[in-house]
Every structure is written in C-alpha cells, then in structure tokens.
Amino acid sequence: MSRTFRNLMVTGGAGFIGVNFIRWLFDQPDGPARIVNVDKLTYAGNPLSLLDVEKRAGDRYVFVKADICDAAKMKEVIEKYQIDAIAHFAAESHVDRSIVRPDEFVRTNIFGTYTLLQAAREHASQIQLFHHVSTDEVFGTLGDTGFFTEDTPYAPNSPYSASKASSDHLVRAYHETYRLPTTLSNCSNNYGPYQFPEKLIPLMILNALEGKPLPVYGDGMNVRDWLFVTDHCSAIWRVMTRAAFGSTYNVGGRNELPNLRVVEKICDLVDAKAPPLPGGKPRRSLITFVKDRPGHDRRYAIDCSKIERDLGWKPAETWATGFERTVAWYLSHFEWCAQVRSGDYQKWIATHYA
Ligand code: NAD
Ligand code: TYD
C-alpha cells in the first residue's frame, strides 16, 4: 500500500528540514502535484533557500506567509488550495532559546499544533493525512547504554522538548478521539545544508572558518545520534505514504558521537578545505569549554529497527560522508550564511514577503 497526495501543505517549509524536504520531494517520482509552504518566516525561516525551487516548480509550488496559530488563515489555506495532506514541521526548535524565552515555544509548538489539528478536523472529508514531525528529545535522556524505542515513556527535560511532547500528545489524542488520520515521527539530531547557524554543526563550521572560539558546553561528552537531513526527509515520506494511521516511528542514523568528537572532526575538515588560520595554528586550538546548558540531556540514541523492518527505510549517508558534504556546502554557500545572519536579511523578508 502506498498513498498519493495531490495538494500537500508543508508547515515550516522555509526552515532547515522543511526546505530540505520540499527540495527533496520535488525530485521524487511519487511526490504530490502541488506543495503549499505555510511559514511565518521567523528568524529561522529562510525563503532564500527555495528561490530556485520557486522558479523551477512554477505553479506546483505556492508560498503562504502565515502563522500556524491563525485559525482563520489555516482554514483559508486548506480550502483555497484543496489541501489533502499536511506535513507539519513548523516549530520553535532551538533548545538554548527555549531556556531563555519558553513562551514562543508554548505558543507555536503547542497552540500552533492544536490550531492545525483543529483545522484538519474541521475538514475531515478533505484531509487524508496529518503527519507530525517530532524529535527524540521528548524521551528525555539516556545513560551510557540503551536506546529510545517507540515505547519509551516520555520524559522531556527542556521547555523545547516539553512543548514538542505536548504536541505529540495532542496528535495522538486527535487520532484516538476524532479518528483524524495521523502519523508521527520522532527523529534524532539532523545536520546538513540550510541549517540556521545557531545549531552545533553550522555554528562550529562558520566559527572555525572565521577563527572564532568554538564553545563546547560542559565536558563535551554529551552524545547525539546524527542523521543527514535528506535521510530524515526520506523517512518522513516513507511514514506518510505507507504507515498505518495512529502509528509512530523513531528515526535515527546509528551515528552516536560525543559533541567534542563532532567539533574536532569539523575542525579537521575545515583545516583541510579552507585557507589556514593566521600562524597556521590548527582549528582544534579554537575549542573552548564553556558553562554547561541547564538540564543538558546527556545522551540520545535511537533504535530505528521498527521503521527499517516495517517500511524498509534506511539512511543513505554515514556521518563520515554526511559531515564532509555538509562542511563543503557551508564553505561554498558563504553568501547564504552571511545573509541569514544579517539584519539586512530581515529587511529583505519584510519587502518580499509582506
Ligand atoms: P527550524 O527552526 O530550522 O525551522 C522552523 C520553521 O518553522 C521556520 O521556517 C519558521 O519560520 C517556522 N515557524 C516557526 N514558528 C511558526 C509559526 N508560528 N507559524 C508558521 N511557521 C512557523 O526547525 P527545523 O530544524 O527545520 O525543525 C523542523 C521540525 O523538525 C520541528 O518541528 C522540529 O521540532 C523537528 N525536528 C528537528 C530536528 C533537528 O535536528 N533540527 C530533529 C528532529 C525533529
Ligand atoms: P544543538 O545543535 O543545539 O541540538 P540539541 O540541543 O537539540 O541536541 O546541540 C547539539 C549538542 O551540542 C548539544 O549537546 C548541545 C551542544 N552544543 C555545544 O556544545 N555548543 C554549542 O554552541 C551548541 C549550539 C550546542
């Protein structure tokens, strides 16, 4: 069994994973006839990343600047574009920001997801699928051993993961209570092109390039399970097209690495690919241990055997190939990085997407 969709609404499609998902999906033979990208364009939303897609896809691609918390607007989009499936990526996604300002996380991640679910429910005869994109961080932290499975109890530790956990529960409830056709995926840390340079990997690449300090939290021994972003995209599409309604799938790369090792690897790749630092000092010398993040989860590791077994998914990249591609991408897209970090970019958004 494989589902097909005509008009797919992608929320948060101007963010890191959403951009990669839209780019990837337009290259798939079983993609939808049209993608409607609904994004509020927060600091993390970069329509620049899709300018070429906009040109190439013609009327197969529509961009709507909107807040998912705006119920009237969600209804309007679903009706106007005859949406038959929703892939819900939109979220506030950075743990450090959630520690400083949890309010936007509660609003977008919880209230925004509720608003979308309600809009989907009110168009029950039209919506064939609501897919919710979530994180492994809902499961909390692991010790030195063990893996998160789909049955691991939720135990979120940051305002970000608590807000995502809450949204997952709402998705479950809308399936159980209203029989909304939902699927849900919980994925490990993604990396790759178009990630806003506040997250570990792009931040370290750009700081290393510019000879700036590389801030490693705590002892650098926190472990994350890294997955190349297009492998996440293919997993989401597998789940959307083949999984049973109400099911959840864990997605991960079997690529567990301590942060310090990730940063050292990035230093070596940047040394090999970019001009040397003044005096020829190695980039590893920029590594600076800083105060730990409060509530910092020690280890994440995904057991992805269910999606491998049920849906035949497996990742295409290893961390060695994926890191190499990622470093090369940032080094050759310096203009993109400069623009998304500049104040001018916010002005550009205001004029182009008023
Ligand atoms: P991101 O921060 O790069 O992008 C989020 C996008 O959502 C942005 O384009 C932003 O403008 C948009 N957005 C934010 N608030 C909105 C609102 N109220 N209305 C409409 N649009 C809004 O995030 P990402 O890394 O691409 O993550 C996408 C999804 O995947 C999130 O739900 C996140 O929880 C989940 N996820 C991320 C990772 C990861 O490693 N990045 C891993 C697992 C799951
Ligand atoms: P991050 O990219 O913020 O993802 P998450 O917190 O969702 O896992 O961080 C990945 C890991 O890197 C996490 O253990 C925190 C750590 N980290 C640093 O050590 N220094 C940094 O500057 C950042 C942004 C993260």
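# Two ligands, a cavity, a pocket and some rings

Student: How far is an oxygen atom of ligand 1 from a polar backbone atom of Val133?
Tutor: First, the fine print: this is a predicted model, where local features need pLDDT of at least 70, side-chain atom pairs count only at pLDDT 80 or more, and totals for chains, interfaces and linings use all residues; side-chain values use heavy atoms, with hydrogens and water left out. Residues are numbered from 1 along each chain as its sequence is written, while chains are lettered from A and ligands numbered from 1 in the order in which they are written. A polar contact is a pair of N or O atoms within 3.5 Å (within protein, one must be able to donate a hydrogen and the other to accept it, and residues adjacent in sequence count only through side-chain atoms on both sides). For Val133 and ligand 1, the distance is 3.5 Å.

Student: How much of the accessible area of ligand 1 does the protein cover?
Tutor: Two other backbones join in: Ile68 has a polar backbone atom 3.0 Å from a nitrogen atom of ligand 1, and Gly15 has a backbone N or O atom 2.9 Å from an oxygen atom of ligand 1. Accessible areas here follow the Shrake-Rupley method with a 1.4 Å probe. Of the 840 Å² that ligand 1 has on its own, the protein covers 97%.

Student: Which element gives the largest share of the shell around ligand 1?
Tutor: The shell has 28 residues, with Ile17, Asp39, Ser93, Tyr160 and Lys164 the closest; a residue is in if one of its heavy atoms lies within 4 Å. Helices (H or I, at least four residues) and strands (E, at least two) are DSSP runs numbered from the N terminus, and helix 1, strand 5 and helix 6 each supply at least two shell residues. With three residues, the largest share comes from strand 5.

Student: And how much of ligand 2 does the protein bury?
Tutor: Here side chains show up: an oxygen atom of ligand 2 lies 2.5 Å from a polar side-chain atom of Glu137, and one lies 2.8 Å from a polar side-chain atom of Asn259. Taken alone, ligand 2 exposes 500 Å², and the buried part is 96%.

Student: What is the volume of the largest cavity?
Tutor: On a 1 Å grid over the protein atoms alone, a cavity is a set of points where a 1.4 Å probe fits but cannot get out, and lining residues have an atom within 4 Å of a point. Glu137, Arg224, Arg293 and His296 are among the closest residues to ligand 2, and those four are also in the cavity lining. There is one cavity of 30 Å³ or more, and the volume of the largest is about 60 Å³.

Student: Which helix supplies the largest share of the lining of the second largest pocket?
Tutor: A pocket is an open set with protein on both sides within 12 Å along at least five of seven lines, and this one holds about 270 Å³. Of its 17 lining residues, those closest to the centre are Tyr154, Arg172, Leu184, Gly246 and Thr248. Six lining residues come from one element, helix 6.

Student: How far apart in sequence are the parts tied together by Tyr194 and Trp329?
Tutor: The whole structure has 20 aromatic pairs, meaning rings of Phe, Tyr and Trp (its six-membered ring) with centres within 6.5 Å; planes under 30 degrees apart are stacked, over 60 edge-to-face, the rest tilted. Tyr194 and Trp329 make a tilted pair, 4.7 Å centre to centre with 55° between the planes. Tyr194 sits in the loop between strand 7 and helix 7 and Trp329 in helix 11, so the parts they tie together are separated by 135 residues.

Technical notes. Points joined across faces, edges and corners; volume = space filled by probe spheres on them.
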